[in-house]
Amino acid sequence: MNTISPTRFADRRFAWLGEPLPDVAISFEFFPAKTPAAEARLWQSVEKLQALRPRYVSVTCGAGGNPAEGTQALVAALRERGLAAVPHLTCASSPRRDIEQIAVRYRASGFRHIVALRGDRPKDGSHDEPDRYRFASELVAALRRIGAFEISVAAYPEPHPEAPTAAADLDNLKRKVDAGASRAITQYCFDTDAILRFRDRMRAAGIDVPLAVGILPVHDFGQVRRFSERCGAGVPGWLCALFEDLEDDQAQAALVAACVAAEQARRLIVEGIPQLHFYTLNRAELTIAACRMLGLRAQAPRTAAAAA
Ligand SMILES: Cc1cc2nc3c(=O)[nH]c(=O)nc-3n(C[C@H](O)[C@H](O)[C@H](O)COP(=O)(O)OP(=O)(O)OC[C@H]3O[C@@H](n4cnc5c(N)ncnc54)[C@H](O)[C@@H]3O)c2cc1C
């Protein structure tokens, strides 16, 4: 029988599932629900995930139209529940003036942390108009002028699909940090070695802000494949093999998915990345299971509301 001893725990190659890990900061990402049924599922998930005491929860914003539609209402409601809620803000689809007004409103309502993004470029080419922020680095600089926000930005262990090279993409991250970003949150990446290499390249380039790694528990493998093609994330052969023939066996697929997410999280922690950002897709079960395997358990809710 294996026993856990402090000596073995100190040796990073022998980290055991379920053993509590110190100083792990978790955060969860949600998106505004579009139907009453989705809304109900979202709040059930929020209730369960809140018990894990996330450091903050973030809310995505739409790529087109009003980039704050749905986001503002959801961050306000999450904050009402006592969660430190953080809005995402994208800038590609709207005039600068509109983006600035949204940021001023967030600031006036007490939100102090924003995830600043360019967002996907609108198909009508309007992102090229002179009144737009062209890149997230420009949005970060504008937010800095508007107020003393804590600003998180996107980072890409597998380079962003529009980046000419990995080095150019890293230069872009540095531009965002130099403009005032204080945290990088990665796109999900199933290749943990690639994430660790990215962390090392970041540090070698003098980018020393905290790195939170985005973890995507696989709720629907087919959907993950399709989405990964669009956003430039790789789907490794080992992952395909794990989910092969499980299309009609959701229970087994969920068990596999929880193990994959927990294993990645565990490895990141023991390799010195203690900030994990779960892309929950508004679902709780897999994230809760992965956290449980990290030794993170539900706790009584905090009483005081706290804005991020
Ligand atoms: C943590 C996280 C959260 C996200 N949340 C949302 C969300 O809520 N809503 C949503 O719509 N999308 C979201 N996205 C997706 C994101 O908006 C897209 O990946 C988008 O295509 C790029 O956004 P960005 O902020 O990384 O852009 P940028 O940092 O501006 O980079 C975009 C591309 O332009 C290149 N680039 C940047 N500056 C220059 C320059 N000066 N010259 C030449 N090339 C340059 C970069 O290398 C990169 O290829 C999220 C992504 C992540 C990782």
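Is H88 buried or exposed? H88 counts as buried, because 23 C-beta neighbours sit inside 10 Å. Let me give you the cut-offs. Buried means 20 or more other C-beta atoms within 10 Å of a residue's own, exposed means 12 or fewer, and partly exposed is in between; the C-beta atoms are placed from the backbone.

Before going on, a word on the model. This is a predicted model, so local features need pLDDT of at least 70, side-chain atom pairs count only at pLDDT 80 or more, and totals for chains, interfaces and linings use all residues. Residues are numbered from 1 along each chain as its sequence is written.

Now the overall picture. The chain has 11 helices and 8 strands. Those are DSSP runs, numbered from the N terminus: helices are H or I with at least four residues, strands are E with at least two. Of the 308 residues, 40% count as buried. Next, contacts. Two residues are in contact if their C-beta atoms, placed from the backbone, lie within 7 Å. Take the contacts between residues at least 6 apart in sequence: 80% of them join residues at least 24 apart.

Back to H88. H88 sits in strand β3. Leaving out residues up to four places away in sequence, H88 touches S58, V59, T60, C61, T71, V115 and L117. H88 and A116 are 28 residues apart in sequence, yet 6.0 Å apart in space, C-alpha to C-alpha.

H88 also brings us to the ligand. How many residues surround the ligand? There are 24, and the closest are T60, H88, R118, A136 and A154. A residue is near a molecule if its C-beta atom, placed from the backbone, lies within 6 Å of it. Four elements give two or more residues to this shell: β3 (85-90), β4 (113-117), α5 (136-146) and α6 (166-179). The largest share comes from α6, with 4 residues. By class, the shell has 10 nonpolar, 9 polar and 5 charged residues. Here nonpolar covers Ala, Val, Leu, Ile, Met, Phe, Trp, Tyr, Cys and Pro; charged covers Asp, Glu, Lys and Arg; the others, Gly among them, are polar.

Next stop, the loop after β3. S94 lies between β3 and α4. S94 counts as buried, because 25 C-beta neighbours lie inside 10 Å. The C-alpha atoms of S94 and S126 are separated by 8.5 Å, though the two are 32 residues apart along the chain.

Then comes helix α4, residues 96-108. Its 13 residues reach 18 Å from first C-alpha to last, close to the 18 Å expected at 1.5 Å a residue. The expected span is 1.5 Å times one less than the number of residues. Which residues of α4 are buried? They are I99, I102, A103 and Y106. These four are on the same side of α4, because they cover an arc of only 95° around the axis. That arc is taken from the directions from the helix axis to the C-beta atoms. What covers them includes β3, β4 and α5. The face turned away from the buried side carries the exposed residues R97, V104 and A108. Just after α4, G110 takes a positive phi of about 95°.

Two more positive phi values, neither in a glycine. D245 has a phi near 65°, in the loop between α9 (237-243) and α10 (250-270). N282 has a phi of about 65°, in the loop between β8 (275-279) and α11 (285-293). Their surroundings? D245 is exposed, with 9 other C-beta atoms within 10 Å. N282 is buried, with 21 other C-beta atoms within 10 Å.

Now a pair of strands. Strand β1 (residues 25-30) and β2 pair in the parallel sense over 4 bridges. Two strands pair if DSSP finds at least two bridges between them. One bridge joins S27 to its partner Y56 in β2. In β2, residues 56-59, Y56 and S58 point one way, V57 and V59 the other, and all are buried. In a regular strand the side chains alternate between the two faces of the sheet.

Last residue: R197, in helix α7 (residues 192-204). R197 counts as partly exposed, because 13 C-beta neighbours lie inside 10 Å. R197 and P157 are 40 residues apart along the chain, and their C-alpha atoms are separated by 8.0 Å.
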